[in-house]
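Biologist: Before we discuss any labels, I would like to see the model itself, and then go through the reasoning behind the terms one by one.

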Amino acid sequence: MNRFISATFLTVALIWCSTSAHAGGWTQPKGKGYFKLSQQIVRAESLFAPNGSKTEIPKVSGNTTSLYGEFGLLDRVTLVGYMPFYTNFSVDDEEFVRLMLDSTSGVGDWDVGVRIGILTDGPTVVSIQVLAGLPLGDSGNDFVLWTGDGEFNQLLSLQVGHSLYPVPGYLKGEIGYNNRQGDDDPNENYSDELRYSLEAGYTVAERLGISVWLRGIEVLGKADDEFRSRYEIEYLSFGPQLDFYVTPNAGVTASMSKFTRAHSMLDAPTWEFGVFLKL
């Protein structure tokens, strides 16, 4: 893969590795909420090419500081937002740096929206969530490491959660349709997506929460694998997460995500560390 092609794909791959999606199901009670301040870290020296094969790339690093929040506007209506307010991407390669940039930083693209509870009583809950992707990051041009992808998208998803009470555990899943809209440039092809996730969690001694999950994206109406747009991202990922409660309402969290198969994604785990607060 030549330097130009490698650059165009790795910049998009960096953005997607720093993207955070949270399956829901349960709405927050009115006036209550959940907030998490976190740091995501990724380091990679290989990339899943558009056809799914792996190729070596210059060593790249991504660091994203973000705030995720849920706030109960009404008992069945919860405001939701993922806000990466500082993102830094860098490349450790002399030839790449001569032709382009060695690093970039700034605000990333935000996802904001609302979750509406349809079924909220009993052990099984069902919600609909609508998120709007705000292109606040710098989408620059082909010779810049971007902090955003330059698109305005709308994600509509159905979320289901099931409590295993009296066992201190849960199951939840999500399936959604992501409508992607870029600018009017005919050279930019944003394919719509099917997104899905499954998650299971268990709490140990009221202090330690353990969860595992699968998340994936399938491109709808995609082109041939050899001629995919750089925006046609696909993957299946998995990972564990640990939440340790320092108090009944606050604690620290750590997670890792890894791709089992992917197209136009970094071939490296993404690590996340943070603190959370429940109102």
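Biologist: What makes Tyr170 count as partly exposed?

Modeller: This is a predicted model, and in it Tyr170 has a relative accessibility of 24%. Buried means under 20% and exposed means over 50%, so Tyr170, at 24%, counts as partly exposed. Trp26 is judged in the same manner: at 32% relative accessibility, Trp26 counts as partly exposed.

Biologist: Why is the pair of Tyr245 and Phe276 called edge-to-face?

Modeller: A pair of aromatic rings is described by the distance of the centres and the angle of the planes. The ring centres of Tyr245 and Phe276 are 5.1 Å apart, against a limit of 6.5 Å, and their planes stand at 75 degrees, where over 60 counts as edge-to-face, so the pair takes that name.

Biologist: Why can you say that this pair ties together separate parts of the sequence?

Modeller: Tyr245 belongs to strand β11 (residues 234-247) and Phe276 to strand β14 (residues 270-278), so the parts tied together are 31 residues apart in sequence. Tyr245 and Phe276 are both buried, and ring pairs link them with Tyr34 and Tyr68 into a cluster.

Biologist: How do you know that Glu272 forms a salt bridge with Lys36?

Modeller: The closest N and O atoms of Glu272 and Lys36 are 3.3 Å apart, and the cut-off is 4 Å, so the pair qualifies as a salt bridge. Glu272 lies in strand β14 and Lys36 in strand β1, so this salt bridge ties together parts that are 236 residues apart in sequence. Both Glu272 and Lys36 are buried. A search of the whole structure finds eight salt bridges.

Biologist: What makes Glu193 and Arg195 a salt bridge, and why is Arg195 called buried?

Modeller: The closest N and O atoms of Glu193 and Arg195 are 3.1 Å apart, which is within the 4 Å that a salt bridge requires. Arg195 has a relative accessible area of 16%, under the 20% limit, and is therefore buried; Glu193, with a relative accessible area of 0%, is buried as well.

Biologist: Why do Asp267 and Lys258 receive separate labels, buried for Asp267 and partly exposed for Lys258?

Modeller: Asp267 has 15% relative accessibility, which is under 20%, so Asp267 counts as buried. Lys258 has a relative accessible area of 26%, which falls between 20% and 50%, so Lys258 is partly exposed. Salt bridges that share partners join Lys54, Lys258 and Asp267 into one network.

Terms used: Residues are numbered from 1 along each chain as its sequence is written. This is a predicted model: local features need pLDDT of at least 70, side-chain atom pairs count only at pLDDT 80 or more; totals for chains, interfaces and linings use all residues. Side-chain values use heavy atoms; hydrogens and water are left out. Buried means under 20% relative accessible area, exposed over 50%, partly exposed in between (1.4 Å probe, protein chains only). Rings of Phe, Tyr and Trp (its six-membered ring) pair if their centres lie within 6.5 Å; planes under 30 degrees apart count as stacked, over 60 as edge-to-face and the rest as tilted. Helices (H or I, at least four residues) and strands (E, at least two) are DSSP runs, numbered from the N terminus. A salt bridge is a side-chain nitrogen of Lys or Arg within 4 Å of a carboxyl oxygen of Asp or Glu.
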